[in-house]
Amino acid sequence: MNRIYVFSSTGTSLQLAREIAAQNTDFEIVSIPKLMKQKTWSIDADKAGFVFPCYYGEMPKIVREFITNAQRVSVNYTFGVATAGGDIGYSLKKLDKTLKERGSSLNYGKGIVIASNYMNGWYYDMLMPSKEKLQKRIEAAKELCIKIAEDVKTGCNSSYKKSLAGYLMPHIISPSRYVKDTRPWDSEFSTNKNCNGCGTCAKVCPVDNIVLENSRPVFNHNCQRCMACVQYCPRSAFEIEGQAMDKARYTYPEISIKEMIAFNEGL
Ligand SMILES: Cc1cc2nc3c(=O)[nH]c(=O)nc-3n(C[C@H](O)[C@H](O)[C@H](O)COP(=O)(O)O)c2cc1C
């Protein structure tokens, strides 16, 4: 069996994994957060893909823990696809390094830039592509996914792109407290009077970090800072560090919130 392991909070990585799998019908798509809710899991596949967003020029913590804490890593060929709003930085390099610690390594990798869902950044609106540009990027990404699928089918080995600038930029332009922050990542999130306790945030959180108490979200300190709660809140009620998020929302246009919830929710 071939598998693509996916972490996605706003749909980009999920849809691109689907585009790749659509070319290789023997690929099963597996949600990393969903599998991790089983408490024990293995990474077991002839060909294994890892598709995830770049966070701060790196691979998200949850993907690293998924590989590091797997009971068994048994794969013959691996590929990685990192999605990003600007640059995938060292995320694939980190994937390779993490796989090596488990006796494997990355055979093939590609980065795909679509749009940033990172609402904290003051540059968020500046990075947001126009509707036309977004559409162009999506079309180019679909083409690239066909090429990735062909390469994976033939077991292509090629080095992946890593960029020092893409690694350094988020560390320079994100306030350093975001990158170095050792507090639980949800300590900066709150909701304002627009919150009506609808519970969308709790449903869409991939790691079940949010529960409702007295019709208000309460955070359980296992936040991945993935922005699903902020991006999908139907009343734009989330604030970060007390700042209203008065910005355009980004979620991947072809993935509905219903699909996103179903993809990551517990078994
Ligand atoms: C915490 C966080 C950090 C991010 N860091 C970067 C980054 O360093 N470089 C970049 O280009 N995009 C960055 N992004 C944007 C995401 O990588 C991008 O929007 C991704 O495609 C989202 O994938 P998803 O829709 O599958 O969740 C970041 C997003 C978040 C939430």
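Domain bounds, as used here, come from an automatic or database domain assignment. On that basis the chain of this predicted model has domain 1 (2-173) and domain 2 (178-264). The briefing covers the two domains, an open sheet of five strands, the helices α4 and α6 that lie across strands, and the largest pocket, with a volume of about 610 Å³.

**Domains**

- The assignment places residues 2-173 in domain 1 and residues 178-264 in domain 2.
- A distance of 22 Å separates the C-alpha centres of domain 1 and domain 2.
- Contact between the two involves 39 residues of domain 1 and 32 residues of domain 2.

**Sheet**

- Five strands form an open sheet in the order β2-β1-β3-β4-β5, and their pairing is parallel.
- At the edges are β2 (27-31) and β5 (108-113), each of which pairs on one side only.
- On average, neighbouring strands of this sheet are turned by 20 degrees against each other, with direction ignored.
- Six bridges join strand β4 (residues 73-84) to β5 in the parallel sense.
- F79 has Y108, in β5, as its bridge partner.
- As general background, strands of a sheet pair through backbone hydrogen bonds, in either a parallel or an antiparallel way.

**Helices across the sheet strands**

- Helix α4 (residues 91-101) lies across β3 (43-53), β4 and β5.
- The angle between α4 and β4 is about 160 degrees.
- Helix α6 (residues 131-153) lies across β2, β3, β4 and β5.
- Relative to β5, α6 runs at about 175 degrees.
- Strands β3, β4 and β5 are thus crossed by α4 and also by α6.

**Largest pocket**

- The volume of the largest pocket is about 610 Å³.
- Its lining has 35 residues, of which C54, G85, G86, S116 and Y118 are the closest to the pocket centre.
- Two or more lining residues come from each of α1 (12-23), β4, α5 (124-127) and α7 (164-173).
- Helix α7 gives the largest share of the lining, four residues.
- By residue class, the lining holds 18 nonpolar, 15 polar and two charged residues.
- The largest pocket lies between domain 1 (2-173) and domain 2 (178-264), because both give residues to its lining.
- Strand β4 therefore appears in two settings: β4 pairs with β5 in the sheet, and β4 is among the elements that give two or more residues to the pocket lining.

Key
Residues are numbered from 1 along each chain as its sequence is written. This is a predicted model: local features need pLDDT of at least 70, side-chain atom pairs count only at pLDDT 80 or more; totals for chains, interfaces and linings use all residues. Side-chain values use heavy atoms; hydrogens and water are left out. Two strands pair if DSSP finds at least two bridges between them. Axes are lines fitted to C-alpha atoms, for helices over the stretch in contact, and angles run from 0 to 180 degrees between N-to-C directions. Contact means heavy atoms within 4.5 Å. On a 1 Å grid over the protein atoms alone, a cavity is a set of points where a 1.4 Å probe fits but cannot get out, and a pocket is an open set with protein on both sides within 12 Å along at least five of seven lines; lining residues have an atom within 4 Å of a point. Grid points are joined across faces, edges and corners, and a volume is the space filled by probe spheres set on the points. Ala, Val, Leu, Ile, Met, Phe, Trp, Tyr, Cys and Pro count as nonpolar, Asp, Glu, Lys and Arg as charged, and the others, Gly among them, as polar.
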